[in-house]
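Q: I have a structure open and would like to learn how to read it. Can we go through its features one by one?

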Amino acid sequence: MRHETFAIGCAAGFGGDRTDAAAPIVETLIARGGAGALIFEMLAERTLALAQLDRRKNSEGGYAPLLESMARPVLRRCLEHGIPIVSNFGAANPRAAARRIRQIAQEQGVSQARIAIVEGDDLSDARGRELLRRFLSPADLGCEMISANVYLGAAAIADALRAGAQVVVTGRVADPSLAVGPAMWRFGWGETDWDTLGRATMAGHLLECGAQVTGGYFADPGFKDVPDLHAVGFPIAEVAADGSFTITKADATGGVVNARTVKEQLLYELHDPAAYLTPDVVADISEAEVVEVEENRVAVKGVRGRPRPETLKATVCYAGGWLGEGEISYAGPNAEARARLAGEVISRRVGDALKLRFDLIGALSVFGDDRGAALSALPVNDMRDVRLRVAGVHSDRAQVEKLLGEVTALYTCGPAGGGGIRTTITPRLNSVSCFVPRELVPATFTILE
Amino acid sequence: MDPDIIHIPLHRLAHGRAGDKGDTANISVIAYREEFFPLLLEQVTEEKVRKAFRHRNPTAVRRYLLPKLGAMNFVLENMLDGGVNDSLNLDSHGKTLAFLLLSLEVAAPKELAALLDPVPTGEAECLRR
């Protein structure tokens, strides 16, 4: 049966993922024969806003910073073996990304690469902003917009492949659609084959975070062990004509694909299991089962699909002021009390000039809340190696610099024995979402001339 | 203390992963063995989870069941101090919170101890609690 399936490998699960994951996938696809595709998922919510800022500085910038490192090692092999590459690494500038890929292909001796660009997601131009006016609240409209993108679906990707594209470069598309598109093309699915699209969407969902389904983000020593985590292999979904699929991984790699890894990723970032909303379909995994077919091969059964939503989600990012973070360590006898006193000093120096948060790394940090309720309720425990962290945000950079100056001054003016101060300032982005009727934001593709 | 009951962290019985969408977190709880699932249903309730996360002030806690996976999915709304773009938390995504949920204490019949996988570290501490 395997020869009738379409193998989709995913070599990146976010914009900063490993750049050596693709080669083992591509070699596996080639060795197994049959049809296949390679996807890279590289856009988180805020990544696109950062890319849009890049593009403002440089008209040929604004695509994923790691595009070249990801594509270069496998581009020629994929082009030669008929393995299409589909990725959202176009970010805020898919056209420039496509030009860059063509350049790389030419450097590698392939002069005729057919590269498609999927567009329609970017609503940050004047026309897009005008459109969004109807769907955003007045308060949001008053802010300084950096990027605005609608999540496109799989259809334009499938259309581009049908037109002979060997590489499809997109901006914002729903992550699972990166996998649904190639399968749609391969099997000729219609846009209303709901159960089929529902299954393929869950294949895409399992692929979209890369190693998170093959043993990455999973190991818990003694409880859930993962062989050769340092060399974790990235996933491959073998999709059948009805959308049903098995998950496996690249040959000769570490990691593991078993019922547990698949279940964890199946539920990742999911709300109602009966209604996983994408631009392509509403997928339902409430009756889903996972079956370990053989070592490192898991089948997912029982996924269904219902008609897709009439609206598409749009995410708008705004400039969100400045985040300042400062840290200082205390260790040895009475360390925790000294760290807590340092926090009090900062608090009294800064007052309520800006919103502050304190953490005691080593005692309580990430589990706590911004208001500090959990930290105040925590009895002093005599922790002997703690790091005070102060975080504050303000629209005025000078206010944040002042806060960090107070952290630095702890060297001479704070409690005894503090050391290892580090401070950073980063620009913040805020985002809001709204829903736009899909007929107002059509997706299109063009082949790079 | 009922001698027929042992108190163990949920971490011995289940694994899970946290994800975020905006200001809403979801945390899966997946039984290590089918036999554990009924106990999880009985003990890992919306109420208990709400209590474990009360300092994070979720406005709603909802438990979805996936019996064929031996799993449940908790959705906690407005719990991430505004989410990845607004929170001052080091972990603005709330990714670490799966292990806060897995710290929940579960009261289990003592026969269950025989089904627990041996653990190289921390086991004695877990069973003593």
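Q: Which residues does Val86(A) touch, not counting residues up to four places away in sequence?
A: This is a predicted model. Val86(A) touches Leu38(A), Ile39(A), Phe40(A), Ile157(A), Leu161(A), Val168(A), Leu178(A) and Pro182(A) once residues up to four places away are set aside. Val86(A) itself sits in strand 3 of chain A, residues 85-87.

Q: Is Val86(A) buried or exposed?
A: Buried means under 20% relative accessible area. Val86(A) has 0% relative accessibility, so it counts as buried.

Q: How far apart are Val86(A) and Val256(A) in sequence and in space?
A: Sequence and space are two separate readings. For this pair, the separation is 170 residues along the chain and 25 Å from C-alpha to C-alpha.

Q: How many residues of helix 9 of chain A are buried?
A: The same cut-off is applied to each residue in turn: under 20% relative accessible area. In helix 9, residues 177-187, 8 of the 11 residues are buried, so the helix is largely enclosed by the rest of the structure. The buried ones are Ser177(A), Leu178(A), Ala179(A), Val180(A), Gly181(A), Pro182(A), Ala183(A) and Met184(A). Leu178(A) and Pro182(A) are also among the residues that Val86(A) touches.

Q: What covers the buried residues of helix 9 of chain A?
A: The cover includes strand 1 (6-10), strand 2 (36-40) and strand 3, together with helix 8 (155-162), helix 10 (194-207) and strand 7 (235-239), in chain A.

Q: Which residue just after helix 9 of chain A takes a positive phi?
A: Most residues other than glycine have a negative phi. Just past helix 9, the residue with a positive phi is Gly188(A), at about 65 degrees.

Q: Which phi does Ala252(A) have, although it is not a glycine?
A: Ala252(A) has a positive phi of about 55 degrees. This residue lies in the loop between strand 8 (245-249) and helix 11 (259-266) of chain A. With a relative accessible area of 86%, Ala252(A) is exposed. Glu269(A) is another non-glycine residue with a positive phi, of about 55 degrees; Glu269(A) is in the loop between helix 11 and strand 9 (276-277) of chain A.

Q: Where is Thr28(A), and what does it touch?
A: Thr28(A) belongs to helix 1 of chain A, residues 22-32. At 2% relative accessibility, Thr28(A) counts as buried. Beyond residues up to four places away in sequence, Thr28(A) touches Ile236(A), Ala250(A) and Asp251(A).

Q: What is Ser365(A) in contact with, leaving aside its neighbours within four places in sequence?
A: A contact list can name residues of another chain. Ser365(A) is in contact with Arg357(A), Asp359(A) and Leu360(A), and also with Asn89(B). Ser365(A) lies in the loop between strand 15 (355-361) and helix 13 (373-377) of chain A. Its relative accessibility is 14%, so Ser365(A) counts as buried.

Q: How many residues of chain A are in contact with chain B?
A: Contacts join 51 residues of chain A with 42 residues of chain B. The size of an interface is often given as the accessible area lost when the parts come together. Here the area buried between chain A and chain B is about 4300 Å², and carbon and sulfur atoms give 53% of that area. Phe223(A), His271(A) and Phe367(A) supply 17% of what chain A buries against chain B, more than any other three residues.

Q: Which secondary structure elements does chain B have, and in what order do they run?
A: Chain B has 4 helices and 7 strands. Read from the N terminus, the order is β-β-β-β-α-α-β-β-α-β-α. The radius of gyration of chain B is 15 Å, close to the 14 Å that the globule rule gives for 129 residues, so chain B is as compact as a globular protein of that length. Of those 129 residues, 53% count as buried.

Q: What is the radius of gyration of chain A?
A: Chain A has 24 Å, which agrees with the value near 22 Å for a compact globule of 449 residues. Its secondary structure comes to 15 helices and 18 strands. In chain A, 55% of the 449 residues count as buried. Among contacts in chain A with a separation of 6 or more, 77% are between residues 24 or more positions apart.

Conventions
Residues numbered from 1 in each chain as written. Chains lettered and ligands numbered in written order. Predicted model: local features only at pLDDT ≥ 70, side-chain atom pairs only at ≥ 80, totals over all residues. Heavy atoms only, no water. Helix = DSSP H or I, 4+ residues; strand = E, 2+ residues; numbered from the N terminus. Rg over C-alpha atoms; globule rule 2.2 N^0.38 Å. Buried < 20%, exposed > 50% of the residue type's maximum accessible area, 1.4 Å probe, protein only. Contact = heavy atoms within 4.5 Å. Buried area = accessible area lost by both parts, 1.4 Å probe.
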